[in-house]
Amino acid sequence: MQRPDWAPDTIDIERPSVARMYDYYLGGSHNFAADRAAAQAMVAAVPEAPLMAQANRAFLRRAVHHLADAGIRQFLDIGSGIPTVGNVHEIAQQLDPQSRVVYVDVDPVAVAHSREILAGNEQAVVVQEDLRNPEAILAHPDVRKLLDLSQPVAVMVVAVLHFVSDDDRPAELLRTLRDALAPGSFLVLSQASDDGRSEDERAEAERVYRRTDNPLSVRSRAELTALFDGFELLDPGVVWVPQWRPDTPESAEDAERAVFMGGVGRLGG
Amino acid sequence: MAESPGATPYPGTFARAWAKAVSGTSYLPMTQAQLESLLDRLTGQLAGALLTEPFDLRAGHRVGAELVAAHIASAEGLGRTVEVIQLRLVRDLGLVAEDVEDRMARLLAAVATGYARALRDRTLDEQESIRRAAMRARTQAERALRASEARFRHQATHDPLTGLPNRTLFTERLAAALNEPGRGAQRVGVCFLDLDRFKVVNDTLGHQIGDLLLAIVAERLRKAMGEHLVARLGGDEFVILVERTGGTDDMVAVAETALAAVRTPALVDGHELQISASIGIVERQVAGANPTDLMRAADSTLHWAKSAGGARWALYDAERNQRELARYALSAAIPAALERGEFYLDYQPLTSLRDGSLVGVEALVRWRHPELGVLRPDSFIGLAEETGLIVQLGGWVLAEACREAEAWSAGGAAAPFVSVNLAVRQVHRPGLVQEVRALLRQTGLPPERLQLEITESTMMSTAEEPVRALRVLADLGVRIAIDDFGTGYSNLAYLRDLPVTELKVAGEFVAGLRSPSVGRTDERILASLVSLAHALDLTVTAEGVETAGQAERLRAIGCDAAQGWHFGRPAPADRILARIR
């Protein structure tokens, strides 16, 4: 290994960040020129990209609502990105101010920004870690301090798993997280899917994301369903995200344009 | 979520149409019902503004700002809002007012203005906050980088076992001390410290105990040395840098302190270890000193302390160092000198005290050095023994002596034997028997005309092989003599096991025969040795006989033969042989 593991990250805002690109899709201004250029290239390749982000964000909102209604008061949001609008803690703490939320992201700028947003909020914290290192996330003192893993927790792995390649064994990462959870916990999962997409579109999207630190690994519905191993999938299972318990029937129309698939699973026992 | 209570059906229709128009223009963190409820409230404000006198632009501004605050914050969101208000507000709400078109235009302008202002502020705020986050992340990364560099630097300059500075840091500090401007007239000192017999600890108790011991010693030295830099160079080697000294006394005091710190027994994992150290001290003026020379000097001085028995310090001595360097150069030149034939043999007679006849000669090696002239063995044999070159050199002497001695029998008369010194290493080396056998065969020298002189120290080792080899040689008929008998080990037990032919009594007993007072004792010792030797069937040759008086007294006590200036100095073979022809 060239760089020892304790060597720090470098901050290069000339390099597009997937977190800030996502913010741009959502209409935010928490982004730099390089992020916008990459996001625009993505929109040129896949015109639905902003819609994807919005649909996924709406899925996150509905899922958190649902889990809060089901009594969940602890959230672990891995790959939380730039906190823009409708963050987990905003939704959850609106329903119960005692809800506790830990955000995890690998992007140091996203983490610094989250820290500013969360300043003064005793019930929410951000830690800089990588989804590919679940042991470190679970062992992190801030995680340990805020979350009681003997009680149910909702683990959110939303719009991030497509940045984890098969070489990094996503199923094992999720299993490590699952094994640390108490019965009654939930897994909220969504990611970009290539079901029904042309080879061209996929190749072009992958090309855009190769410019970032996080190349894209899209997955099929079957692959996503398999990742819920050990969880009981809530209805309606793994679906295009607009189809997951929509607010109105109309909002689930043309659902496959959202590109993202997702679902929510409950840990039994 | 339910629509806000009290909403009338008409505004509800418009609000729903508005909500549908802005859906999807940006991410809205709310349900469709929440959105409709919000827009319903804003619809009321817009309707109010259209109807109220006087017309108030601020109502339009507020609505625009509220839309942005609710995240309906995109260009499309504004466009669709303007469109839906213009097309449907008056109609859906059934509004009736004078100059309603005029008012509508001004209201839309106010909404757009309020909206654009709020969006601009929001954009600037977000840009500022993300930039601040990037800056903070960068500051943090730089701090982490500095910390990791400091950590890396610490790792690179410290020894992980003891936590002491390592060679790299020591070298830096020494160089800095020597190069500091304006320090030329000041003095600097180095103590090079090495534990005595540390290898024994490692070999007998294991490396783990050895490592623990090193850590203890390191900690003691660090404490005892205070401000002076203590570094571990590797193994059990430590070094102390004294950046300012007032002279050698200061350095000796530092060395004494270090020795005392090490000397206290150390309790390591239940073993009480009594340890000691040796120290080489170098102290000199900063001007003209360089780190490499200083360390080399400290290293050789450390070896003086070691070879003097350890548990002590030694102070660098330039002259001694010069001599050692010269000796080293000389020893390094031996192999080439052998090839060039720069060595030759002189022979010193061993004369019978009974009849004055020449019984044998001792071969003595000489080096005709191209620059230094003829060198006697005492200037290079010791060195050859240390370096192991003695095996090569001794082998040459043995071969040359056998070759020359064989020719002497041609004279007809009883030819003398040739006595050749064997170094410890030669005796202990496997293959000695084969080497001698081969030489005797090649030269044709009868075995009884070869005498091998060994020292008592040769027999100090408990190894059996040398004894066996000497016994085989003795069985062949080769004579075995003990050289310098009476000055060394003098354990008589080996005389029982060894096939010794002759004792050569050290010259110092003979020297004593000159002065009457000491002479009496020496004479008694000599007499006892002779009678002991004769009782064991050995002959005795006295070495270092310089006067006729000594010769006479030796003859009187029954000594068999003698060697010394009185009987002839070492000389080339032909000159010695002239005496028997």
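## Packing around helix H2 of chain A

In this predicted model, the buried residues of H2(A) pack against three other helices of chain A, namely helix H1 (18-25), helix H3 (49-69) and helix H9 (199-209). The residues of H2(A) that are buried are Asp35(A), Ala38(A), Ala39(A) and Met42(A). When the helix is viewed down its axis, these buried residues fall within an arc of 100 degrees, and they therefore line one face of H2(A). On the other side of H2(A), by contrast, Ala33(A) and Ala44(A) are exposed.

The length of this helix can also be checked by a simple calculation. Helix H2 of chain A covers residues 33-45, and its 13 residues should span 18 Å at 1.5 Å a residue, which agrees with the 18 Å that lie between its end C-alpha atoms.

## Chain A as a whole

Chain A contains ten helices and eight strands, and 52% of its 269 residues count as buried. Among the contacts in chain A with a separation of 6 or more, 73% are between residues 24 or more positions apart.

## An enclosed strand in chain B

In chain B, strand S6 (residues 277-285) is largely enclosed by the rest of the structure, because eight of its nine residues are buried. Strand S6(B) pairs with strand S1 (residues 187-195) of chain B in the antiparallel sense, over nine bridges, and within this pairing Val190(B) has Val282(B) as its bridge partner in S6(B).

S6(B) also pairs with strand S7 (residues 313-315) of chain B, here in the parallel sense and over three bridges, with Trp313(B) in S7(B) serving as the bridge partner of Ile279(B). Between these two strands the chain passes from S6(B) through helix H10 (residues 291-307) of chain B to S7(B), forming a β-α-β crossover that is left-handed.

## Chain B as a whole

Chain B has 22 helices and 16 strands, and buried residues make up 36% of its 581 residues. Of the contacts in chain B with a separation of 6 or more, 69% involve residues that are 24 or more positions apart.

## Where the two chains meet

The two chains touch through 24 residues of chain B, which are in contact with 28 residues of chain A. On the side of chain B that touches chain A, helix H5 (residues 100-157) of chain B gives the most, with 15 residues. By kind, the residues on this side of chain B divide into ten nonpolar, eleven polar and three charged.

Key
Residues numbered from 1 in each chain as written. Chains lettered and ligands numbered in written order. Predicted model: local features only at pLDDT ≥ 70, side-chain atom pairs only at ≥ 80, totals over all residues. Helix = DSSP H or I, 4+ residues; strand = E, 2+ residues; numbered from the N terminus. Buried ≥ 20, exposed ≤ 12 C-beta atoms within 10 Å, placed from the backbone. Contact = placed C-beta atoms within 7 Å. Nonpolar A, V, L, I, M, F, W, Y, C, P; charged D, E, K, R; others polar. Pairing = 2+ DSSP bridges. Right-handed = clockwise from strand over helix to strand, strands pointing away. Expected span 1.5 Å × (residues − 1). Arc of directions from axis to C-beta.
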